[in-house]
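Colleague: I would like to go through this model one residue and one pair at a time. Please give the cut-off behind each term when it comes up.

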Amino acid sequence: MATPSSPFSFLDDLFNRIGERLQPPAWAVHEIQHRAVLFLNHVLQQEPEAQQRLLRQQGRVVRFQWRFVTMELVATPAGLLDLAPAGSVPELTLTVTDESPFELARNTLRGGKPSVQIIGDVQLAAEVNWLVDHVRWDVEDDLARLIGDVPAHTVANGARRAVGALRQFVGDRKPQAGGPAAGPASTPE
């Protein structure tokens, strides 16, 4: 008897086929990357220590890769990030090895990090790891600027509860050998 596959295998295959065939135009990729850099810089500006660390890495290029998505960033003299100029040689390449977007989402919801292959400068990799571990987007603060402190706090608390429940649900669902995902696991006492 064949072992049943993940219910998401069909979606993974569909995602692969779409990703291989439908490539966005170069201008759209550049615009999306530019918006991502603006967002990252917004988050970095909330953490002075992160900016100091990036300032020490000024001019160094890091390439991020996942499947067919690639982005090269360079540390600026302001301690922020920018898209690396075309033809730049990265000193560090970080490749996410988890192929499935659903597995990535599940790991993220469980509070884990994706598996990453690191090629290049070890010290620069340590700095990037520090940034990943210590820099967080303060959504509540940004939301408070738009709608006020009390409503932002209320929305943020609701979102935290929803994410906590989703993490608990995803964390409790563990695949069993030869069977589909199970409910909450019982522990012997």
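Colleague: Is Glu-72 buried or exposed?

Modeller: This is a predicted model, in which local features need pLDDT of at least 70, side-chain atom pairs count only at pLDDT 80 or more, and totals for chains, interfaces and linings use all residues. Residues are numbered from 1 along each chain as its sequence is written, and side-chain values use heavy atoms, with hydrogens and water left out. Buried means under 20% relative accessible area, exposed over 50%, and partly exposed in between (1.4 Å probe, protein chains only). Glu-72 has a relative accessible area of 17%, so the residue is buried.

Colleague: Which side chain does Glu-72 join through a polar contact?

Modeller: Glu-72 sits in strand S2, residues 69-75; helices (H or I, at least four residues) and strands (E, at least two) are DSSP runs, numbered from the N terminus. A polar contact is a pair of N or O atoms within 3.5 Å; within protein, one must be able to donate a hydrogen and the other to accept it, and residues adjacent in sequence count only if both atoms are side-chain atoms. Contact in general means heavy atoms within 4.5 Å, and, leaving out residues up to four places away in sequence, Glu-72 touches residues including Val-61, Asp-82 and Pro-90. The polar contact, at 2.4 Å, is with the side chain of Arg-63.

Colleague: How many residues does the largest nonpolar core have?

Modeller: A nonpolar core is a set of buried Ala, Val, Leu, Ile, Met, Phe, Trp, Tyr and Cys residues joined through side-chain atoms within 4.5 Å. In the largest one, the residues with the most contacts inside it include Leu-44, Leu-54 and Leu-131. Two or more residues of this core come from each of H2, H3 (48-56), S2, S3 (81-83) and H5 (122-134). The core has 14 residues.

Colleague: Which residues are included in the second, separate core?

Modeller: This core has six residues and is separate from the other. Among them are Val-62, Leu-92, Leu-94 and Ala-125.

Colleague: How many salt bridges does the structure hold?

Modeller: Side chains of opposite charge can pair when their charged atoms come close. The criterion here is a side-chain nitrogen of Lys or Arg within 4 Å of a carboxyl oxygen of Asp or Glu. By that rule the number of salt bridges is seven.

Colleague: How many residues apart in sequence are the parts tied together by Arg-53 and Glu-127?

Modeller: The closest N and O atoms of this salt bridge are 3.0 Å apart. Arg-53 counts as buried at 18% relative accessibility, and Glu-127 counts as buried at 10%. Arg-53 lies in helix H3 and Glu-127 in helix H5, so the parts they tie together are separated in sequence by 74 residues.

Colleague: Which residue meets Asp-121 in a salt bridge?

Modeller: Asp-121 lies in the loop between strand S5 (116-120) and H5, and its partner in the loop between H3 and strand S1 (61-66), so the pair ties together parts that are 61 residues apart in sequence. Asp-121 is partly exposed at 26% relative accessibility, whereas the partner counts as buried at 19%. The N to O distance is 2.9 Å, and the partner is Arg-60.

Colleague: How far apart are the closest N and O atoms of Arg-67 and Glu-99?

Modeller: Arg-67 is in the loop between S1 and S2, and Glu-99 in the loop between strand S4 (92-96) and helix H4 (101-109), 32 residues apart. Arg-67 is partly exposed at 22%, and Glu-99 is partly exposed at 47%. Their salt bridge has its closest N and O atoms at 4.0 Å.

Colleague: Which residues do salt bridges that share partners join into one network?

Modeller: The pair of Arg-53 and Glu-127 is part of this network. With the third member named, the network is Glu-49, Arg-53 and Glu-127.

Colleague: How far apart in space are His-134 and Glu-49?

Modeller: His-134 lies in helix H5 and is partly exposed at 44% relative accessibility. In sequence, His-134 and Glu-49 are 85 residues apart. In space, C-alpha to C-alpha, the distance is 9.5 Å.

Colleague: What percentage of the residues of the protein chain count as buried?

Modeller: The chain has seven helices and five strands. Of its 189 residues, the buried share is 27%.
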